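Open the model in your viewer and keep the sequence panel beside it. This tour says what to select at each stop and what is there.

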Amino acid sequence: MDLKKTNAPVNTVTYNKVQIEEPVGNIYEAITIIAKRASQINTEIKNELIEKLEEFATYNDSLDEVFENKEQIEVSKFYEKLPKAHALAVEEWLEDNVTFKKVEK
């Protein structure tokens, strides 16, 4: 997933209920699938951020010295400005980019 090319809204948006439930026919199933995808996206973003921030890590025993790294600050600002994981998941759902399996009993 390319986070720079996403069209997901940063602010709260009202969605059409019919459009959300259309692929599965049930709003609750759709919300469950979107929530699981949002959790996956959140984990991906978190792991990516941790990986990028570890490049800047300095391991000191002294708490007296705090270094401000402008590159680290820019990386952090980029991730703070991203849309939330649920907005990204809804965007993927509406663009029909989410695959799911319906398990029958």
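Helices here are DSSP runs of H or I, at least four residues long, numbered from the N terminus. With that in mind, select Asn69: this residue sits in the loop between H2 and H3. The model is a predicted one.

**The whole chain**

Show the chain as a cartoon. It has four helices and zero strands, and from the N terminus on, its elements run α-α-α-α. Now colour by burial: of the 105 residues, 26% count as buried. Switch on the surface, and the chain exposes about 8,700 Å². Carbon and sulfur atoms supply 50% of that area. Among contacts with a separation of 6 or more, 71% are made by residues 24 or more positions apart.

**The loop between H2 and H3**

Return to Asn69. Is Asn69 buried, partly exposed or exposed? Its relative accessible area is 27%, so Asn69 is partly exposed. Add Phe56 to the selection; Phe56 also lies in the loop between H2 and H3. Phe56 has a relative accessible area of 17% and is buried, because the limit for buried is under 20%.

Draw a distance from the C-alpha of Asn69 to that of Phe56. The two residues are 13 apart in sequence and 7.8 Å apart in space. Do likewise for Phe56 and Glu71, which are 15 residues apart in sequence, with 8.5 Å between their C-alpha atoms. Which residues does Phe56 contact, leaving aside its neighbours within four places in sequence? They are Asn69, Glu71, Gln72 and Val75.

**Helix H1**

Select residues 17–21, which form helix H1. Lys17 is found in this helix. With a relative accessible area of 47%, Lys17 is partly exposed. Measure across to Ile27, ten residues along the chain from Lys17: their C-alpha atoms are separated by 7.4 Å.

Next, pick Glu21, which is also in H1. Glu21 counts as buried, at 17% relative accessibility. Setting aside neighbours within four places in sequence, Glu21 is in contact with Asn26, Ile27 and Ala30.

**The nonpolar core**

Show side chains for Ile20, Ile34, Ile41 and Trp93. These are the residues with the most contacts inside the largest nonpolar core, which has 21 residues. H2, helix H3 (70–81) and helix H4 (85–94) each supply at least two residues of this core. Which helix gives the most to this core? H2 does, with seven residues.

Keep Ile34 selected and look around it. Not counting residues up to four places away in sequence, Ile34 touches Ile20, Ala89, Val90 and Trp93.

**Helix H4 and what follows**

Select residues 85–94, helix H4. Why is H4 described as largely enclosed by the rest of the structure? Eight of its ten residues are buried, so the description fits. The buried residues are Ala85, Ala87, Leu88, Ala89, Val90, Glu91, Glu92 and Trp93. Show H1 and H2 as well, since what covers the buried residues of H4 includes these two helices.

Move on to Asp96, in the segment after H4. What is the phi of Asp96? It is near 60°, a positive value in a residue other than glycine. Most residues other than glycine have a negative phi. Asp96 is exposed, with a relative accessible area of 61%.

**The largest pocket**

For the last stop, select Thr32, Ile33, Lys36, Phe100 and Lys101. Of the 14 residues lining the largest pocket, these lie nearest its centre. How much space lies in this pocket? The figure is about 350 Å³.

Colour the lining by class: four residues are nonpolar, four polar and six charged. Finally, highlight helix H2 (residues 27–54). H2 gives the most to the lining of the largest pocket, with six residues.

Terms used. Residues numbered from 1 in each chain as written. Predicted model: local features only at pLDDT ≥ 70, side-chain atom pairs only at ≥ 80, totals over all residues. Heavy atoms only, no water. Buried < 20%, exposed > 50% of the residue type's maximum accessible area, 1.4 Å probe, protein only. Contact = heavy atoms within 4.5 Å. Areas by Shrake-Rupley, 256 points an atom, 1.4 Å probe, with all protein chains shown as cover. 1 Å grid on protein atoms, 1.4 Å probe; cavity = no way out; pocket = protein on both sides within 12 Å on 5 of 7 lines; lining within 4 Å. Points joined across faces, edges and corners; volume = space filled by probe spheres on them. Nonpolar A, V, L, I, M, F, W, Y, C, P; charged D, E, K, R; others polar. Core = buried A, V, L, I, M, F, W, Y, C linked by side-chain atoms within 4.5 Å.
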